[in-house]
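Where does this protein leave empty space, and what lines it? Please walk through the model with that in mind.

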Amino acid sequence: MVKKPASYLRSLGSDLPASVVVFLVALPLCLGIAIGSGAPPFSGLIAGIVGGIVIGALSGSQLSVSGPAAGLTTIVLAAITDLKVYEAFLVAVVLAGIIQIILGYLKAGVLGDYIPNAAIKGMLAAIGLILILKQIPHLVGDEADFQGDESFKQRGGGNTFTHLIHAFKNMLPVALAIGLVSLAIMIVWEKISKKSKVLQLIPSAMIVVVVSVLINEWLKASRPDLALQAAHLVDIPKASTPKEFFSFFTHPDFSHLGNITVWTAAFTIAIIASLETLLNIEASDELDPYKRVTPTNRELKAQGVGNLVSGLIGGLPITSVVVRTSANVNAGAKTKTSAISHGVLLLLCVALIPGLLNLIPFSALAAVLIYTGYKLTKPALYIKYYQKGLDQFLPFVITVIAILLTDLLVGILIGCCAGLIFVFRSNFKSAVFVVNDDNKYLFRLRKDVSFLNKPIVKRKLEEVPADSYVLIDATRADFIDKDVIEVIEDFQKHAPLKNIKVELKKSVYKEQGFSIASPNNLVLSKN
């Protein structure tokens with residue numbers, strides 16, 4: 001029996017610590033994705049704030065966390081490059097939000113229900129692997145790639161694995177030491193915090209950040225030659241006055257509405273962002289320990305409003321994001337209060353204490369993300385799917401490999417195709433059952449007999465020898481394709497030539513349009 005989730009107020013003890021973890025995970029990702037997209041760094045923070053506060057409040061999901069997504073970096077970079085003016089790109093973001101709202105009212109959210117569970121689990125496992133592989137370079141002090149990159153191919157050439165090898169060649173011992181200490185803290189803290197409700201209120205990610213900052217600040221004072229420099233620390237734009245802070249927010253220039261490139265970018269962002277959101281919402285519901293179901297059409301509307309607001313104040317496009325969502329779930333969040341609170345924390349911290357945030361080493365945050373990734377792709381998950389059988393294991397593994405070597409949407413599409421192949425294979429093998437005893441043959445049609453079963457039905461009927469008796473039993477068939485019906489009718493017509501007697505059970509044939517020309521060889525059963 002699934003335990004009933006607590007109310008918003010009673011869940012604060014779980015949601016507020018979880019929001020701190022999500023905030024620490026989101027901070028470098030928001031900045032990194034903005035930089036990787038060729039946009040102003042602050043635009044990623046705006047998207048994170050809006051994703052937390054606006055979408056968090058409007059969404060029907062209790063655990064999903066929204067923000068700028070790595071899957072959109074290539075699209076955003078191309079759009080900004082083509083439009084040349086960032087304010088023109090913001091028009092595309094606003095339009096994308098409006099399109100998403102329309103899609104919500106058109107009930108396009110139903111598309112998410114057709115994703116196989118094996119593909120969803122494969123997506124989560126793949127994201128976990130990508131997090132580990134992509135964050136190891138940051139753990140060892142190589143910041144050549146931007147935070148949040150999920151693509152297999154690197155822009156400067158090479159791929160995830162070649163970049164990993166290159167990272168170890170540029171390793172900084174201090175960064176690695178801070179990263180390993182951070183990992184150790186999280187592993188140990190998870191074990192000891194289970195024994196105390198008070199300790200559970202203190203997120204391990206917060207301890208990691210405090211310890212890593214203290215280590216680096218101590219090195220700056222005692223061994224400045226060893227301390228991590230600015231390139232290896234968080235870098236949030238700082239404002240000395242409120243006026244300067246608000247200058248970081250920009251607004252769309254609607255004079256570009258007539259530009260066809262703006263509309264092309266808007267539709268592209270809307271479609272891709274909606275698909276990613278639907279995938280991630282399915283994943284979010286899968287991760288939810290209470291197994292709550294998110295209304296997908298409401299989610300599209302919430303995402304649309306979020307993108308509308310983000311575009312109006314200078315932010316990047318937003319989607320539901322698996323990394324932040326999984327961090328939220330693993331941190332013990334129970335309601336949407338966590339997602340909203342992480343947005344509030346982002347806003348307050350970047351406005352009031354950017355200097356303190358800029359002391360955080362990337363290697364410490366990389367450790368938090370690697371630990372999150374491990375939770376998503378534990379070896380036990382692979383063993384569990386192997387035990388379910390090849391029809392579940394292979395689509396799962398194919399999805400993992402496809403996402404790892406391509407991207408989220410392409411990988412999921414490949415995983416879905418693999419799942420469909422196994423569905424067709426299973427139906428193909430089980431839909432037609434043939435057995436014989438001497439010259440007596442039983443053809444049993446079960447479940448859905450599609451046109452894919454036509455060759456085997458035709459071949460098996462033609463193999464029936466002369467002077468035989470054939471019983472074709474369709475009492476267990478829910479559907480029989482007209483091509484298969486035609487094959488059986490043709491067999492009925494020429495069966496007398498081989499002295500084959502055919503009995504056909506059930507009136508479902510008549511209902512589906514059977515018209516047998518040889519009534520002497522046919523007995524229709526009413527039972």
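What follows goes from the overall build to pockets, cavities, a surface patch and two backbone details.

This is a predicted model. The protein has 527 residues, and 54% of them are buried. Its secondary structure comes to 22 helices and six strands. The C-alpha trace spans about 100 × 55 × 50 Å along the principal axes.

Start with the open spaces. The largest pocket holds about 890 Å³. Its lining counts 30 residues. Ser 193, Gln 200, Asn 330, Ala 331 and Gly 332 lie nearest the centre of this pocket. Several helices contribute to the wall: α1, α7 (173-193), α8 (197-200), α9 (204-222), α13 and α16 (362-376) each give two or more residues to the lining of the largest pocket. By class, that lining has 17 nonpolar, eight polar and five charged residues.

The second largest pocket has a volume of about 380 Å³. It is lined by 19 residues, and those closest to its centre are Ala 70, Gly 71, Thr 74, Ser 151 and Asp 407. Two or more lining residues come from each of α3 (73-83), α5, α11 and α19 (408-431). Which helix gives the largest share of this lining? The answer is α3, with three residues. The class split for the second largest pocket is eight nonpolar, five polar and six charged.

Now turn to the enclosed spaces. Rolling a probe the size of a water molecule over the atoms shows where empty space is left. How many cavities of 30 Å³ or more does the count give? It gives four.

The largest cavity has a volume of about 110 Å³. Its lining has 13 residues. Leu 29, Leu 131, Gly 148, Glu 150 and Val 323 are the ones nearest its centre. At least two lining residues come from each of α1 (12-36), α5 (117-139) and α13 (322-330). Helix α5 gives the most to the lining of the largest cavity, with four residues. Seven residues of that lining are nonpolar, two are polar and four are charged.

The second largest cavity has a volume of about 90 Å³. Its lining can be traced along the chain. Ala 69, Ala 70 and Gly 71 belong to it, as do Ile 127 and Glu 150. Further along come Glu 276, Asn 280, Ser 320, Val 321, Val 322, Val 323 and Leu 408. Helices α11 (260-287) and α13 each supply at least two of the lining residues. By class, this lining divides into seven nonpolar, three polar and two charged residues.

Some names recur across these spaces. Glu 150 is among the residues nearest the centre of the largest cavity, and Glu 150 also lines the second largest cavity. Val 323 is likewise among those nearest the centre of the largest cavity and part of the lining of the second largest cavity. Ala 70 and Gly 71 line the second largest cavity, and they are also among the residues closest to the centre of the second largest pocket. Helix α13 contributes to the largest pocket, the largest cavity and the second largest cavity.

Next, look at the surface. A nonpolar patch of about 560 Å² is made by Phe 254, Leu 257, Ile 260, Trp 263, Phe 267 and Leu 312. Its largest share, three residues, comes from α11. Helix α11 also contributes to the lining of the second largest cavity and of the second largest pocket. Take Phe 267 as one member of the patch. Phe 267 sits in helix α11. Is Phe 267 buried or partly exposed? Phe 267 counts as partly exposed because its relative accessibility is 44%, and the buried class stops under 20%.

Finally, check the backbone at two loop positions. Lys 291 is not a glycine, yet it has a positive phi of about 55°. Lys 291 lies in the loop between α11 and α12 (296-312). With 45% relative accessibility, Lys 291 is partly exposed. Asp 438 also has a positive phi of about 55° without being a glycine. The loop that holds Asp 438 runs between β3 (432-437) and β4 (440-449). Asp 438 has a relative accessible area of 65%, so it counts as exposed; the cut-off for that class is over 50%.

Definitions and conventions:
Residues are numbered from 1 along each chain as its sequence is written. This is a predicted model: local features need pLDDT of at least 70, side-chain atom pairs count only at pLDDT 80 or more; totals for chains, interfaces and linings use all residues. Side-chain values use heavy atoms; hydrogens and water are left out. On a 1 Å grid over the protein atoms alone, a cavity is a set of points where a 1.4 Å probe fits but cannot get out, and a pocket is an open set with protein on both sides within 12 Å along at least five of seven lines; lining residues have an atom within 4 Å of a point. Grid points are joined across faces, edges and corners, and a volume is the space filled by probe spheres set on the points. Ala, Val, Leu, Ile, Met, Phe, Trp, Tyr, Cys and Pro count as nonpolar, Asp, Glu, Lys and Arg as charged, and the others, Gly among them, as polar. Patches are made of residues with over 30% relative accessible area and no salt bridge: like charges are joined within 9 Å, nonpolar side chains (Val, Leu, Ile, Met, Phe, Trp, Tyr) within 5 Å. Accessible areas come from the Shrake-Rupley method with a 1.4 Å probe; for residues, only the protein chains shown count as cover. A salt bridge is a side-chain nitrogen of Lys or Arg within 4 Å of a carboxyl oxygen of Asp or Glu. Buried means under 20% relative accessible area, exposed over 50%, partly exposed in between (1.4 Å probe, protein chains only).
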